[in-house]
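Trainee: Could you take me closely through the site where the ligand sits, and then through the charged pairs elsewhere in the chain?

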Amino acid sequence: MDGQDKSIIARDTIAAVSSGTMAAAIAVIRVSGSQAGAAVRALAGRLPEPRRALLARLRHPVSGERLDEGLVLWFPGPASATGEDMAEFQVHGGRAVVAAVLDALFAVPGIVPAERGDFTRRAWLNGKMDLTEAEGLADLIAAETEAQRRQALAHAFGHLGRQVEVWRGWLIRAMALVEAGIDFADEDDVPSEARALARPEVVMLLAELEAALADRRGAMVREGASIAIAGRPNAGKSSLMNALALREVAIVSDEPGTTRDVLEVALDLGGYKATLIDTAGLREAEGKVEAEGIRRAQQRISKADLVLWVHDLSGPEAPEIAIDSEAEFWLLGNKADLTAGTPVLNDPRVSRRFELSVATGAGLDELTAALETFVAARAQQGGEHPALIRARQREAATLAISHLKAALDGWDGLSEELLAEELRLAGRALASITGRIGVEDLLDVVFREFCIGK
Ligand code: GDP
């Protein structure tokens, strides 16, 4: 594990509650570090057999006061989640009980409260997981939909990490060939032959990385598709948002221009995450506040994957789409209960049309089903999981690509040393994806995402 600072492993032993909200039936308190065994002895009187539950009375190590009765588990390192000695106390999940047990643990010399993500950080430091697995774990804990859970699980079990190792393998072979040229620089044929052999590896790697970067499914599953609801004031956008979200998220009013800001709500559409964005009614701004709302709305719409353009069928206006966006547009003729008649609109951007009444609920099921199909198709259910799912991973791949391109551009002209240097930099960028090298400044960002106790 080049570059990883092992010295900090020998620091304090940490303890924290790892289970959820209290009060609950049971709370799990975890301890990791060299003093974990001492902590168990101090509170429970003895060490259980490794990985066997022991029912024990827990006492405060200083006052001797009885705290609770609970299960104690002992996981001697390195065969533990963090790689260090670990212990787990399963106690009654009341606030006072947990506070008292933690207080007792902190009375044991060398035990301190864990910070966010500390347990996972130690697991990474001890080589129990790479950075992509740690990120997968964070995603797994945060997963709200089935697709997110499946993707996060694959990453937590090393999906991207293994892929990166394959890519690095190709690069290392190419580098070895180019460097062989350096060693045999005075023999005529060796350098150019070695270089010619290395080129296909680099070309293949570049193609793979570009394909992985072009695959937006991972980000789509993780962040969700963004669906903007737009249209003229009073068309029924806020009502539609509420109907889709099945709860009151937007202010519905019959006064034009009430939705002054951009409202967002996360939906689970058939197992996929989608973010529904209700934008301020688009019309001539009357006040400053509304102008700002419209500016923000336009910004969001331009980035959406799908725009639902809501049109009031009962109104006098033609259903003209008054915005610019690369997104797909669906035209929703609303208030069908007030009038019959499909809006005529020949905008080539419109791919589907729906007639509905948010007031009566007519047509909403059909719309919801279509939205589910849209989101699932975008995320492409099934098949292999995409490799790059986070901005951090994509940035590293982009950097690797730029070095590979620089290498290929100068393939015949560059000296062996310069060529090898570009390949080395590409390898460094790839290695930073799994956290092998060059990630010191990123660690806080990665592990801060976790809660305390994870
Ligand atoms: P927004 O400005 O586009 O967000 O529109 P709102 O959702 O605030 O709705 C404007 C008005 O139209 C409100 O009084 C809603 O109750 C009403 N409305 C919305 N949808 C329908 C519908 O399908 N039928 C009827 N009759 N009224 C509706």
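Mentor: Let us start with the polar contacts of the ligand, a polar contact being a pair of N or O atoms within 3.5 Å. A polar side-chain atom of N334 lies 3.1 Å from an oxygen atom of the ligand, while backbone N or O atoms take that part in V358, at 2.9 Å from a ligand oxygen, and in A359, at 3.1 Å. The protein covers 83% of the 580 Å² of accessible area that the ligand has on its own, areas being computed by the Shrake-Rupley method with a 1.4 Å probe.

This is a predicted model, in which local features need pLDDT of at least 70 and side-chain atom pairs count only at pLDDT 80 or more, whereas totals for chains, interfaces and linings use all residues. Residues are numbered from 1 along each chain as its sequence is written, and side-chain values use heavy atoms, with hydrogens and water left out.

The shell around the ligand holds 18 residues, of which N234, K237, S238, S239 and D337 are the closest; a residue is near the ligand if one of its heavy atoms lies within 4 Å of it. Helix α9 (residues 237-245) gives the largest share, 3 residues, where helices are DSSP runs of H or I with at least four residues and strands are runs of E with at least two, numbered from the N terminus. By class, the shell has 6 nonpolar, 7 polar and 5 charged residues, with Ala, Val, Leu, Ile, Met, Phe, Trp, Tyr, Cys and Pro counted as nonpolar, Asp, Glu, Lys and Arg as charged, and the others, Gly among them, as polar.

Turning to the charged pairs, the count comes to 12 salt bridges, each a side-chain nitrogen of Lys or Arg within 4 Å of a carboxyl oxygen of Asp or Glu. One of them joins R195 and E416 at 3.1 Å, N to O; because R195 lies in helix α7 (residues 189-214) and E416 in helix α13 (residues 416-434), the pair ties together parts that are 221 residues apart in sequence. Both R195 and E416 are buried, that is, under 20% relative accessible area, with exposed meaning over 50% and partly exposed in between (1.4 Å probe, protein chains only).

Within helix α13, E421 and R424 are 3 residues apart, about one helical turn, and they form a salt bridge with the closest N and O atoms 3.2 Å apart. Here E421 is partly exposed at 33% relative accessibility, and R424 is partly exposed at 38%.

Conventions
Polar contact = N/O pair within 3.5 Å; in protein donor to acceptor, adjacent residues only side chain to side chain.
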